[in-house]
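Student: I've got a structure to look at and I'm not sure where to start. Can we go through it together?

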Amino acid sequence: MRTRLAAALVSVLALTLTTAGCTTASPGSAAPRRPAAATGQADRVEPLTDTPQPRLPVTVSSADGRKVTVAAARRIVALSGSLSEIVFTLGLGDRVVARDITATFEQAAKLPVVTRNHDVSAESVLALRPDLVLAETTTGPGEAMDQLRAAGVPVLVVDPALGLADVGPRIRAVADALGVPAAGTELARRSQQRIAAVRKEIPRHTGKPRVAFLYLRGSASVYLIGGARSGAVSLLEAAGAVDAGAQSGLDKDFTAITTEALAQAAPDAILVMTKGLESVGGIEGLVRIPGVAQTPAGADRRVVSVEDGVLLNYGPRTDQVLKSIVTQLYGGDAR
């Protein structure tokens with residue numbers, strides 16, 4: 001996601017979003033309702049009951065086309081929050097020696113951070129003497145990754161998560177590299193079963209709400225609406241909703257918010273990251289962004305907020321994310 005956002009931010013930071021908002025509410029707005037509250041679940045991962053013992057060495061295929069041989073996995077550096085989450089949930093968190101800035105869950109909180117503004121510091125990683133680095137195709141800069149390989153450190157690259165279908169493959173890819181394939185199969189099965197259980201709780205009598213995913217960073221005046229490639233489409237569809245940005249014709253990852261784009265999307269609810277919502281001053285600050293108040297979501301103050309570090313991870317906690325979205329969207333209507 002950070003690569004998609006970085007590309008979008010380059011163009012958006014040059015814009016001054018001062019367009020006046022629409023003067024009339026979108027047709028079909030529902031009666032005002034209280035904003036849904038975010039769930040208060042602890043920001044922790046739930047490891048498997050039995051800690052697996054890695055059987056190494058193994059040689060696995062990396063998403064960058066390389067074959068990677070892992071001889072040991074005693075000192076692991078995972079360069080994304082999602083990959084860290086998988087390692088910890090497999091029960092091997094005690095082997096992780098550093099984290100990416102996006103690994104925000106409680107068990108990883110005390111680990112040293114080896115990224116600067118999402119860029120990897122090869123020197124910081126190498127200083128920790130890792131025997132395995134886990135990365136994504138979006139991890140960079142490329143020079144830093146090349147420096148790690150040149151130092152002889154095995155680097156496994158995993159395809160980025162784009163939707164629910166990626167949960168199982170990503171878990172199994174990490175587990176295979178750590179020499180615990182059976183644990184990977186178990187965790188993938190557990191994750192998929194929990195996601196399926198949440199989906200059964202979605203009210204069947206309710207029409208599909210239109211939900212716009214907004215990326216907000218008020219301190220930098222960055223206000224984006226997600227489109228077909230934002231990563232949120234699969235999650236919203238699983239929650240029984242429609243991605244309003246994608247359906248309105250936004251085919252990129254993120255687009256600068258304009259009153260026209262919001263009017264076209266006409267969301268019934270708005271999905272945001274918790275810190276992003278805080279950065280604009282909460283719900284009242286959100287509806288002051290031009291065009292938001294004139295949408296059905298803005299008129300109803302219908303906002304769904306999920307923690308930044310887990311929203312689009314598509315990993316072992318995706319069922320919790322999905323449950324939070326369902327609960328906030330449907331409230332007492334959820335079974």
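Student: What covers the buried residues of helix H2?
Tutor: Keep in mind that we're looking at a predicted model. H2 spans residues 81-92, and 12 of its 12 residues are buried; among them are Leu 83, Ile 86, Val 87 and Phe 88. The cover comes from strands and helices alike, and it includes strands E3, E4, E7 and E8 plus helices H5 and H6.

Student: In what order do the strands of the open sheet sit?
Tutor: Start from the ends: E4 and E8 are the edge strands, since each pairs on one side only. The sheet has 4 strands with parallel pairing, and the order is E4-E3-E7-E8.

Student: By how much are neighbouring strands of this sheet turned against each other?
Tutor: This one is an average, and direction is ignored. For neighbouring strands of the sheet, the value is 20°.

Student: Which residue in E4 is the bridge partner of Ile 76?
Tutor: Look at E3 and E4, which pair in the parallel sense over 3 bridges. Val 77 stands opposite Ala 98 in E4. For Ile 76, the bridge partner is Val 96.

Student: What is the handedness of the β-α-β unit that E3, H2 and E4 make?
Tutor: Follow the chain from strand E3 (76-78) through helix H2 (residues 81-92) to strand E4 (96-99). Together E3, H2 and E4 make a unit that is right-handed.

Student: Helices H4 and H5 pack on the sheet, so which angle does the direction of H5 make with that of E8?
Tutor: Take H4 (residues 142-150) to begin with: it touches E7 and E8, and its direction makes about 140° with that of E8. H5 touches E7 and E8 as well. For H5 and E8, the angle is about 170°.

Student: How do H6 and H13 run relative to each other, roughly parallel or roughly antiparallel?
Tutor: Their axes come within 8 Å and cross at roughly 10°. Angles under 35 degrees count as roughly parallel. So H6 and H13 are roughly parallel.

Student: How do the residues of the contact of H6 with H13 divide into nonpolar, polar and charged?
Tutor: On the H6 side you have Arg 194, Ile 195, Val 198 and Arg 199. H13 brings in Thr 318, Asp 319, Leu 322, Lys 323 and Val 326. Sort them by type and you get 4 nonpolar, 1 polar and 4 charged.

Notes:
Residues numbered from 1 in each chain as written. Predicted model: local features only at pLDDT ≥ 70, side-chain atom pairs only at ≥ 80, totals over all residues. Heavy atoms only, no water. Buried < 20%, exposed > 50% of the residue type's maximum accessible area, 1.4 Å probe, protein only. Helix = DSSP H or I, 4+ residues; strand = E, 2+ residues; numbered from the N terminus. Contact = heavy atoms within 4.5 Å. Pairing = 2+ DSSP bridges. Axes fitted to C-alpha atoms, helices over the stretch in contact; angles between N-to-C directions. Right-handed = clockwise from strand over helix to strand, strands pointing away. Parallel < 35°, antiparallel > 145°, perpendicular 65-115°, else oblique. Nonpolar A, V, L, I, M, F, W, Y, C, P; charged D, E, K, R; others polar.
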